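Reader: I have just opened this entry and would like to understand the terms used for it. Could you take me through the reasoning behind them?

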Amino acid sequence: MVMRQNFLPYNQPDIGDEEIRAVTQVLRSGWLTRGPVTQQFEQTLQDLLEVPYVVAVSSCTAALHLALVLHNVGPGDEVVTTPMTFVASINAILETGATPVLVDINPVTGNINLDAAKAAINEKTRAILPVHYGGLPVDMAALIALRDRYGLAIIEDAAHALGARYEGRNIGSFGNVACFSFYATKNITTGEGGALSLTDPDLVQKARTMSLHGLSRQAWNRYSSGGTWAYDVTMLGFKYNMTDIQAALGLTQLARLGDMQKKRRALAFRYHEKLSRLPLKLPTEPSFTDHAWHLYAVRLDRNKTSARRNTVIQDLARHAIGTSVHFIPVYRFTYYQDRFGWRPEDFPMTEAFYETELSLPLYPSMTIQDVDDVAQALATSLTGG
Ligand SMILES: Cc1ncc(COP(=O)(O)O)c(C=O)c1O
């Protein structure tokens, strides 16, 4: 039985000398907050996603909130979404005054069940907010059919989906607003950060203005040479801008995204190979999609094992292997239960998924040997050998 000498964390950001150099350069430049480097980051991400517009902001949570506000979602409106997400998705809806309506998930993918979403649509429904769980795209064809049939806004929570593709197109380029996260654990990081990809030019200027208090001119335009001190406030906005410090980190990470994604994919494939004979349900990648491999989320196969998920997690910890669980479904939290009366029994697919799920270590600086160690520790926990 292999016992690792050093702890294998569940996640680790991949920060090298290039990142440190780029951030240091901004720190020495005399301009720290949103300015030319953020603009460059937006342009680079735009090119990479093959979308007309990107607006960089302070987090994916901010992006989701902004996206909903841009679509005038507010009190009295309903937004259909998934319980298999981080609370950020729900809180962004609640911050607008709208009501989140949860529907169950597809038990294979972990993504929102779009038939259930369709059944939840009524005259109050203004938007659907799907999550590309773990980096696996939702069924975009079905989602777009719903959008076009019911005239709903689609706000994609693409926190996990940088690098994901559906029928050869990047997630973020389907004519909806997609919201990305550059939080420390994500496929690229800016420490904290996020972005909206948009295709509707009417929304772009509003998104930029709203991300900085509704000011008619960003500080950079006012303080650079030839700038003027005057500005107007043309709408109510938020303090959601990205900084050039974050953008410098992000630009360096974006330059390495292709390479980092290749590594994630290779590690995921090694997991597939090593885990295929264990009593586990492994993540799937239909042929018409490219998974972003943000998570490698496995589930215990209840037809083949009675092992408890929490015991397996403890066993892996004893082998010096970190894991996580994605997600504790949002209806399980006290605040939402008290407010909306949500009950686990109303979401049987999500419950079954949650009870059996664990996310294995997956990040570009891991080695094939690390994957093999995880696989061996899992085999020991599940089959005793
Ligand atoms: C599915 C999902 N949505 C939204 C978020 C929020 O992202 P951020 O931390 O950038 O606000 C996260 C972050 O973990 C997430 O996993």
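Author: What follows is a set of questions and answers on helices, sheets, the ligand shell and some backbone details of this structure, which is a predicted model.

Reader: Why are H3 and H4 called oblique to each other?

Author: Helix H3 (residues 60-70) and helix H4 (residues 87-95) pack at an angle of about 40 degrees, their axes lying 9 Å apart. Angles under 35 degrees count as roughly parallel and those from 65 to 115 as roughly perpendicular, and the angle of about 40 degrees belongs to neither range, so the two helices are oblique to each other. The crossing of H3 and H4 is right-handed.

Reader: Which residues of H3 and H4 meet, and what makes a residue of this contact count as nonpolar, polar or charged?

Author: From H3 come Cys60, Thr61, Leu64, His65 and Leu68, and they meet Ala88, Ser89, Asn91, Ala92, Ile93 and Glu95 of H4. By class, the residues of this contact divide into 6 nonpolar, 4 polar and 1 charged. Leu and Ala, for example, count as nonpolar, while Glu counts as charged.

Reader: Why is H3 called oblique to H7?

Author: The axes of H3 and helix H7 (residues 201-210) come within 10 Å and cross at roughly 130 degrees. An angle over 145 would count as roughly antiparallel and one from 65 to 115 as roughly perpendicular, so the value of roughly 130 degrees leaves H3 oblique to H7. This crossing is right-handed, and the contact is made by Leu66, Val69 and Leu70 of H3 together with Leu203, Lys206, Ala207 and Met210 of H7. The residues in the contact of H3 with H7 comprise 6 nonpolar, no polar and 1 charged.

Reader: What surrounds the ligand?

Author: There are 14 residues around the ligand, and the closest are Ser59, Cys60, Thr61, Ala159 and Ser181. H3 and H4 each supply at least two residues of this shell, whose residues divide into 6 nonpolar, 7 polar and 1 charged.

Reader: What makes E1 and E3 edge strands?

Author: An open sheet of 7 strands runs in the order E1-E9-E8-E5-E4-E2-E3, with mixed pairing. Strand E1 (53-57) and strand E3 (99-102) each have a single partner strand, so one side of each is left without a neighbour in the sheet, and they stand at its edges. Neighbouring strands of this sheet are turned by 25 degrees against each other on average, direction ignored. Helix H2 (residues 36-49) packs on the sheet and touches E1 and E9, its direction making about 135 degrees with that of E1.

Reader: How do you know that E8 and E9 pair?

Author: Two strands pair if at least two bridges are found between them, and 4 bridges join strand E8 (residues 177-181) to strand E9 (residues 194-198), so these antiparallel strands satisfy the condition. Phe180 has Ala195 as its bridge partner in E9.

Reader: How many bridges support the pairing of E6 with E7?

Author: Strand E6 (residues 165-166) and E7 pair in the antiparallel sense over 2 bridges, where at least two are required. Arg165 stands opposite Asn170 in E7.

Reader: What is notable about the backbone at Phe327 and Asn72?

Author: The peptide bond from His326 to Phe327 is cis, with omega near -5 degrees, and Phe327 is placed in the loop between helix H11 (309-318) and helix H12 (334-340). Asn72, in the loop between H3 and strand E2 (78-81), has phi near 60 degrees, a positive value in a residue other than glycine.

Methods. Residues are numbered from 1 along each chain as its sequence is written. This is a predicted model: local features need pLDDT of at least 70, side-chain atom pairs count only at pLDDT 80 or more; totals for chains, interfaces and linings use all residues. Axes are lines fitted to C-alpha atoms, for helices over the stretch in contact, and angles run from 0 to 180 degrees between N-to-C directions. A crossing is left-handed if the near helix is turned anticlockwise from the far one by less than a right angle, and right-handed if clockwise. Two residues are in contact if their C-beta atoms, placed from the backbone, lie within 7 Å. A residue is near a molecule or strand if its C-beta atom, placed from the backbone, lies within 6 Å of it.
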